[in-house]
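Work through the exercises below with the sequence and the model open side by side. Each task is followed by a solution in steps.

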Amino acid sequence: MKILKKGLFLLALPLFAFVMAHKFYISVTNIGYSEKEDALQITCRIFIDDLESVLEERYDFKAYLATDKESETANGFIERYLKTKFAIQIDDSDMAYDFLGKKYDNDVVICYIEVPKIDLKNKNSIRIRNEVLTDLFDEQQNIVHFRINGKKKSFVLTKSDTNGMLNL
């Protein structure tokens, strides 16, 4: 009986290694509206290692995020990447946004973005294009949560479906 248990364990061991090695490719974006600031306020949570990988792949830039060796130009490269992969439209008009900075939370970088001076009372829709990391990881999923004017809507955006829209 002991030999059978050891044999089953040895056969199952490679399966456990495969499960442990599997990685999820996901980001989470929250979009809200501040009446006080009259601005869309956006946070994007991205795994640090994934963001570092895409910055190195696209720009040949080693960021060393969240370490003592972090490059002083890291924010510029992150902003540059986000501007190519993340877009906002209000009533079919492209909106410029500001990259305000970032902070770290364990293995995640939280990027802060703002679209200033938006009067949402006279607007009909907000559309988001989120292609963050889809150029590097085919399995990437970008979850987007809208919470605006009492309306909530969430999307799971993928490489083949990169847009989500909230009707106001």
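The exercises go from model confidence to the sheets and then to the helices.

**Exercise 1. Confidence**

Task: Find the mean pLDDT of the protein chain, and locate the stretch where the pLDDT is below 50.

Solution:
- Step 1. The model is predicted, and the protein chain has a mean pLDDT of 88.
- Step 2. A value of 70 or more is reached by 87% of the residues.
- Step 3. The stretch below 50 covers residues 4–22, and beyond near neighbours in sequence it makes 0 contacts in the model.
- Step 4. Low pLDDT is a reason not to read predicted coordinates in detail.

**Exercise 2. The sheet of 6 strands**

Task: Give the strand order of the open sheet of 6 strands and state which strands stand at its edges.

Solution:
- Step 1. The order is S5-S6-S2-S1-S8-S9, and the pairing is mixed.
- Step 2. S5 (98–105) and S9 (151–157) each have a single partner strand, so each keeps one side without a neighbour in the sheet; these are the edge strands.
- Step 3. On average, neighbouring strands here are turned by 15 degrees against each other, direction ignored.

**Exercise 3. Pairing around S2**

Task: Describe how S2 pairs with S1 and with S6, and name bridge partners for Ile31 and Leu40.

Solution:
- Step 1. S1 (residues 26–34) and S2 (residues 39–47) are antiparallel and share 8 bridges.
- Step 2. Ile31 has Ile42 in S2 as its bridge partner, and Ser34 stands opposite Ala39 in S2.
- Step 3. The two strands form a hairpin with 4 residues between them. In the turn, Asp38 has a positive phi of about 50 degrees.
- Step 4. S2 also pairs with S6 (residues 108–115), again in the antiparallel sense and over 8 bridges. There, Leu40 is bridged to Val115 in S6.

**Exercise 4. The sheet of 4 strands**

Task: Repeat the edge analysis for the open sheet of 4 strands, then find the partner of Ile88 in S7.

Solution:
- Step 1. This sheet has the order S4-S3-S7-S10 with antiparallel pairing.
- Step 2. S4 (93–95) and S10 (163–167) are at the edges: each has a single partner strand, so one side of each lacks a neighbour in the sheet.
- Step 3. Neighbouring strands are turned by 25 degrees against each other on average, direction ignored.
- Step 4. S3 (residues 86–90) and S7 (residues 125–130) pair over 5 bridges in the antiparallel sense. Ile128 in S7 is the bridge partner of Ile88.

**Exercise 5. Helices H2 and H3**

Task: Classify the crossing of H2 and H3 as parallel or perpendicular, and list the residues that make the contact.

Solution:
- Step 1. The axes of H2 (residues 48–59) and H3 come within 11 Å and cross at roughly 85 degrees.
- Step 2. Angles of 65 to 115 degrees count as roughly perpendicular, so H2 is roughly perpendicular to H3.
- Step 3. H2 contributes Leu51, Val54, Leu55, Arg58 and Tyr59; H3 contributes Phe77, Ile78, Arg80, Tyr81, Thr84 and Lys85.
- Step 4. By class, this contact has 7 nonpolar, 1 polar and 3 charged residues.
- Step 5. The structure holds 5 aromatic pairs. One of them is Tyr59 with Phe77, tilted, at 5.7 Å centre to centre and 55 degrees between the planes.
- Step 6. Tyr59 is in H2 and Phe77 in H3, so this pair ties together parts 18 residues apart in sequence.

**Exercise 6. Helices on the sheets**

Task: Which strands does H2 touch, and which strands does H3 lie across?

Solution:
- Step 1. H2 packs on the sheet of 6 strands and touches S2, S5 and S6, with its direction at about 90 degrees to that of S2.
- Step 2. H3 lies across S2, S5 and S6, running at about 115 degrees to S5.
- Step 3. H3 (residues 74–85) also lies across S3 and S7, at about 50 degrees to S3.

Methods. Residues numbered from 1 in each chain as written. Predicted model: local features only at pLDDT ≥ 70, side-chain atom pairs only at ≥ 80, totals over all residues. Heavy atoms only, no water. pLDDT = per-residue confidence, 0-100. Contact = heavy atoms within 4.5 Å. Pairing = 2+ DSSP bridges. Axes fitted to C-alpha atoms, helices over the stretch in contact; angles between N-to-C directions. Parallel < 35°, antiparallel > 145°, perpendicular 65-115°, else oblique. Nonpolar A, V, L, I, M, F, W, Y, C, P; charged D, E, K, R; others polar. Phe/Tyr/Trp six-rings, centres within 6.5 Å; stacked < 30°, edge-to-face > 60°.
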